[in-house]
Structure formats: structure tokens, C-alpha cells
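Ready for a few short exercises on reading a protein model? Try each task yourself before you look at the solution.

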Amino acid sequence: MSVLVAIPARYASTRYPGKPLVPLRGADGVSRTLVQRSWEAAMAVQGVDRVVVATDDDRIRAEAEGFGAEVVMTSSECRNGTERCAEAHEVLGGGFDIVVNLQGDAPLTPHWFVEDLVAGLSADPASEAATPVLRCDGRALNGFLDDRRAGRVGGTTAVFGHDRQALYFSKEVIPYTTRRYEDDEPTPVFHHVGVYAYRPAALAAYPGWEPGTLETLEGLEQLRFLERGRRILCVEVAARGRQFWELNNPEDVPRIEAMMAEMGMA
């Protein structure tokens, strides 16, 4: 199956303006921008036919072209990354069997997360989209809870049924649990990894749907699929010793840099 990876990147983020151009220092002491690190993560994925950065901002275009990325310019009217990926696919003339949205705030995404995601959607023709989920250990869950206690929006959690079809995604920590877990202990909470794979028909239809109440309240674009009764497959992925976090707030920069240093990521 032909696979396009699009990295949506916009400058005018409400919570963190200019986020794609924020420098992140690796374990070797060298800083590279968030969009470059996200592009490098995409380029490491096997079985991908094309990788593009999709943006509406000339500053991001200049940065991306400077490190060798292919850039697709999209409209400033795109309301989220999924709409930007839909437009990028259209600008490129379509024709891909699967379009992957590797969001530009997830530079720690291991290549096998995306490879397993594409394989999962390919094997489940009833699903119109898929997204990875990672079981939290106690350390990750405590990070979520610390963020919420501090009034910060951290990562997103996911709940799904026995058939692995998504039931809900939230910026709150769900499901609720009263237990305390050791740092290396598995928990019943799943971290939603900010990557999506779409079938082209569902992706093309998405911008024509108005955002619903849940999407508006949570600020989570994937809820538009669920509110329309569309099926999202949750593909469980394995950390394999890698730490994962997304850059949502300025406070996440030192957290991600510390993870990169601990993992020896240049």
C-alpha cells in the first residue's frame, strides 16, 4: 500500500505560538528545531513512499526546506492538523492508500509506532482511521496526574473496547483509578500517541464535518470522527525501553530534553 506521511506544522498555536521552531537540545548538546526532529522521526519509518511538511507559514517553510524537507503549502483556514493533512493530500493529487498524520509536536515518536499503526489499519478494512496507544507505566501516569494538579494540559488518554475500537479520548486522565503505581508498574491508563493513519475517503470527508461539542470542549480533533459514528482503531504499541512525551507547553521542553539525554538521542 502506498503511504504518505504529512507533518502538519502551524506557527499560530494558541497555547504555544511558534512551537514548530522551538529548539530542542539533544544528548550531544546540539539543538535542532521541533519540526526538524519530527521530520527526522518520520524519515526513519520504513515502508513510507513520501514525507512532507504541511504548513501555512513562510517561516516554517524556510526552516523545513533548509534541512531538506519537502514542503506543501496549505491554507491558513485549516482548523487542525487533520484538515491540513487532507488539504496536503489533495494538493499532491491524492492517490495514496494511507495518509499518516505525524503531528509536529511528537519528536520522540519511534519509527515502529508508525509502522505498527500502518500495519494495523491495513489489516482492518472496517476502520476508517487508526491511532497508536501506549500503556502508561506508573512514571508516565504520575506525570499526567502532576500536570493536571498543576492546571496544565499534558498528554491525552484513550479508552477503547475489546475490539480495540476507540470509545473516547480525553485530556483528563481516564479511566479513573484510585491506585498508586510504582514507576515501572503497568497501569490501566493508555497514553494516546499523537499520530493518525487515515483512509483517503474518510480524510477527504473530514473537513466538511463541523466540529461537535466534544471536539470543541476537549480540543481533540479525533473526536470529530467519533461524534460522526466513525470507527477509529486503537493500535497498542510497545515502548521497547523508549520514553515518549509530546511538546504541548513550554514546560515540556526541559522534560523532553531530559528524556533525550537519558536515552542518548542526539
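**Exercise 1.** Is Phe160 buried or exposed?

*Solution.* This is a predicted model. Phe160 has a relative accessibility of 17%. Buried means under 20%, so Phe160 counts as buried. Now take Phe190: its relative accessible area is 8%, so Phe190 is buried as well.

**Exercise 2.** Find out how the rings of Phe160 and Phe190 are arranged.

*Solution.* Start with the setting: the structure holds 10 aromatic pairs. In the pair Phe160 and Phe190, the ring centres are 5.0 Å apart. Centres within 6.5 Å make a pair. Next, look at the planes, which stand at 65 degrees. Angles over 60 count as edge-to-face, so this pair is edge-to-face. Finally, place the partners in the chain: Phe160 belongs to strand S8 and Phe190 to strand S10. They are 30 residues apart, so the pair links distant parts of the chain.

**Exercise 3.** Which class of exposure does Arg164 have, and which does Arg240 have?

*Solution.* First locate them. Arg164 is in the loop between strand S8 (156-160) and S9, while Arg240 is in the loop between strand S12 (232-237) and helix H9 (252-263). Arg164 has a relative accessible area of 32%, so it is partly exposed. Arg240 reaches 57%, and over 50% means exposed, so Arg240 counts as exposed. As for the backbone, phi is positive in Arg164, near 70 degrees, and also positive in Arg240, about 50 degrees.

**Exercise 4.** Where is the charged end of Arg59?

*Solution.* The charged end of Arg59 sits over the ring of Tyr11, 3.6 Å from the ring centre.

Note on methods
Residues numbered from 1 in each chain as written. Predicted model: local features only at pLDDT ≥ 70, side-chain atom pairs only at ≥ 80, totals over all residues. Heavy atoms only, no water. Helix = DSSP H or I, 4+ residues; strand = E, 2+ residues; numbered from the N terminus. Buried < 20%, exposed > 50% of the residue type's maximum accessible area, 1.4 Å probe, protein only. Phe/Tyr/Trp six-rings, centres within 6.5 Å; stacked < 30°, edge-to-face > 60°. Lys NZ or Arg CZ within 6 Å of the ring centre and 35° of its normal.
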